[in-house]
Amino acid sequence: MINSQRKQQLLKAMVESGWDALILYGHSWRKDYFRSLVNFNFFGPHAIATLTRSGEIFILVSHPWDKETLSKSVDANVQYTSDFRNGFLEISSKFKIARVAIAGLELMEARFVDGPAVSATNLVEALRKIKTAEEIDALRRAAQLADLGYQHFVKTIEVGMAEFELAAEVESFLKTRGAGDNFMLIGSGGVEVYGMRPPTHRHFQIGDNVTTELSPQIDGYYSQICRTLVMGNPSEKQLRSFEIFREAQQAAEDFLKPGVNVADVARVQNDVFRREGFGEYTGSKYTRVRGHNLGLHPDENPYLLEDVDSIVEKGMVLIAHPNTYLPLSGYMVFGDTLVVTENGCKRLGQTEKKLFIKEV
Amino acid sequence: MKRGLITWDISEIQPAAFEQRLQNIRRVMSENQVPCIVVYSDVWRSNSARFLSNYMPYFNRALLIIPSDQHVTLLCGLSPRAYGWIRSVSPIEDVRPAGNYAQTLMQMATERRWTRIGILDFPQFPYDLNQSIQSLPIEIVKVGGLPPFSDDTELSMRRKAASMARSLLAAEIPLGVGCSGEELIGRLERRSRRAGAGDLITLVTNGRSTPGAATGHRLDENFSVSIALEYRGHWVRVSRAHGVDFSSQLLLENQANSIVENLSGSYPYECVQRSELREDSIFAVHIERQIGAKRLFYGDSFLLGPSGPELL
């Protein structure tokens, strides 16, 4: 439950930064800073882990059931409070004369913070960017589950089914197989569709482009897969459109290796669209990002964008997904989780790289 | 999954309900002499903005700006490509992008010549947002300590959510013995989301610990399940044990080992002391009973009405 390799990294960073204590905060939506040291899926809504220079860990949780579970499974001092503000301030006062930094400070309720505070968010994020072997293993298992989840998606979808009914089936499938969470978006329709969002009452129709992003979480770590499916025989335009996405994603996969800049990983994808005459569809009006890091949060930094400056390192796990709107067939998605190796990258999942077709 | 189906069914919540709620909040503005009130929302803390506008982010943050004399504006971190969807699930028409919330808020204030703004529960804002708004050259009036947001429509939706949660557990718990915790969770997910639930969090225990995440063990007789269920933004909490009946009256006795959760705050649920609850609070109580070697859990959601707690 304690990420011991991360703990050693944090202790070293504390010495280098001159901090006597490091607080890792998490709330129900963003448990990731807390879980980067204490990988426990707390019920919530708040939890903090305080790491001292001597390596001791003090944990404060906001639900008594969390306290009981944690106390039995972790070598740390675990406390519960129903008044998290005062509980947190008490912990802070313990380190009154010490230099304390907080990872996740920006996410905390402002009233928890008493006086000037030092943020350790960027430092911890930089450490988290490179995954340990154990973390990569969790991400690999999450990617395998994403493969199975997408197979189930393809098998289950049918004409007339509502988006939210399909999402219910996929969610059930993933949770049955051990997913702790799943971030999922969906879109369906034709050229009028500009993006994905949560499932609606819309019923699938023949000819629809059905896009989805599945992000199952295993042991706290999110993998991600993006695929597009056509209900029935795809049109020439849908086939042509998909070919552009396939080539763009492949360009990222071929390019990705230690030492390159994420800006260029975005650029090689966008260049495929530019070459095909669709350069304007690589901007923020039609798309968000060309990919992003993955880990304890499904949308970690750095983002793959041409204006982001960040060097790729071995051990990073990210998704390259050139998802965007094209006038050929509407919004389309395609992406895979990749781990950066010594000389390049490897896909963690095995789902076929194709435009999926549902026979109707 | 945060979140599943998000929708606005006007047969459940009529536009007039939102108009009335806005009228009530505008009275608060008048009392505080502010030309607008700003309300924070994110994936997990959307109760207040949802009550006032039905908007519930599936990702990112948002600020709802309610002026005293104009329409509501949503400052939103989502792409403009999502604005059509936002307008389809809420009465909000004016949706604006906000990469930098404080700057966009200031721009609006300048355009409208506001010299002071009211902010709901400002100390509870995320630290970065709180600090950046605080540094704006404008007077900030902290609006807080309001009674829980409540009306007949809110209660009706919460009752619907509670009824859904109870039916869900009544249908699936009898089938749970011999299943793994994950299998039971999968079944609960399927049934609840097909019935229209937006989110479901499930904890299970085989009777040797408090409820927690599933661990792969098979469920024995007398296992317990505790769920947090969201129906169209309305959260409830219910816990049930297999094979044992409890009376909900037990939950209202002031038991030493009971857990009380406030469901009317900005979070879906948050532990509080019983004494902190106020009239119109929606809350949940969970108790633990020892039967043989087993620890069993039971809980439900209530309204604190004028004459005491009422089961939702």
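This passage describes the interface between chain A and chain B, followed by the cavities. The structure is a predicted model, in which local features need pLDDT of at least 70 and side-chain atom pairs count only at pLDDT 80 or more, while totals for chains, interfaces and linings use all residues. Residues are numbered from 1 along each chain as its sequence is written, chains are lettered from A in the order in which they are written, and side-chain values use heavy atoms, with hydrogens and water left out.

Chain A and chain B each bring 56 residues to the contact (heavy atoms within 4.5 Å). Together they bury about 4600 Å², with 63% of this on carbon and sulfur atoms; buried area is the accessible area (1.4 Å probe) lost on being put together, summed over both parts. On the chain A side, A:Trp29, A:Phe43 and A:Trp65 lose the most area to chain B, together 19% of what that side buries.

Turning to charged pairs, 5 salt bridges cross the interface (a side-chain nitrogen of Lys or Arg within 4 Å of a carboxyl oxygen of Asp or Glu). One of these joins B:Arg190 to A:Glu169, with the closest N and O atoms 2.9 Å apart.

As for empty space, the model holds 5 cavities of 30 Å³ or more. A cavity is a set of points on a 1 Å grid over the protein atoms alone where a 1.4 Å probe fits but cannot get out, and lining residues have an atom within 4 Å of a point. The largest cavity encloses about 110 Å³, and its lining includes B:Tyr40, B:Arg45, B:Asp121 and B:Phe125.

Methods:
Buried area = accessible area lost by both parts, 1.4 Å probe. 1 Å grid on protein atoms, 1.4 Å probe; cavity = no way out; pocket = protein on both sides within 12 Å on 5 of 7 lines; lining within 4 Å. Points joined across faces, edges and corners; volume = space filled by probe spheres on them.
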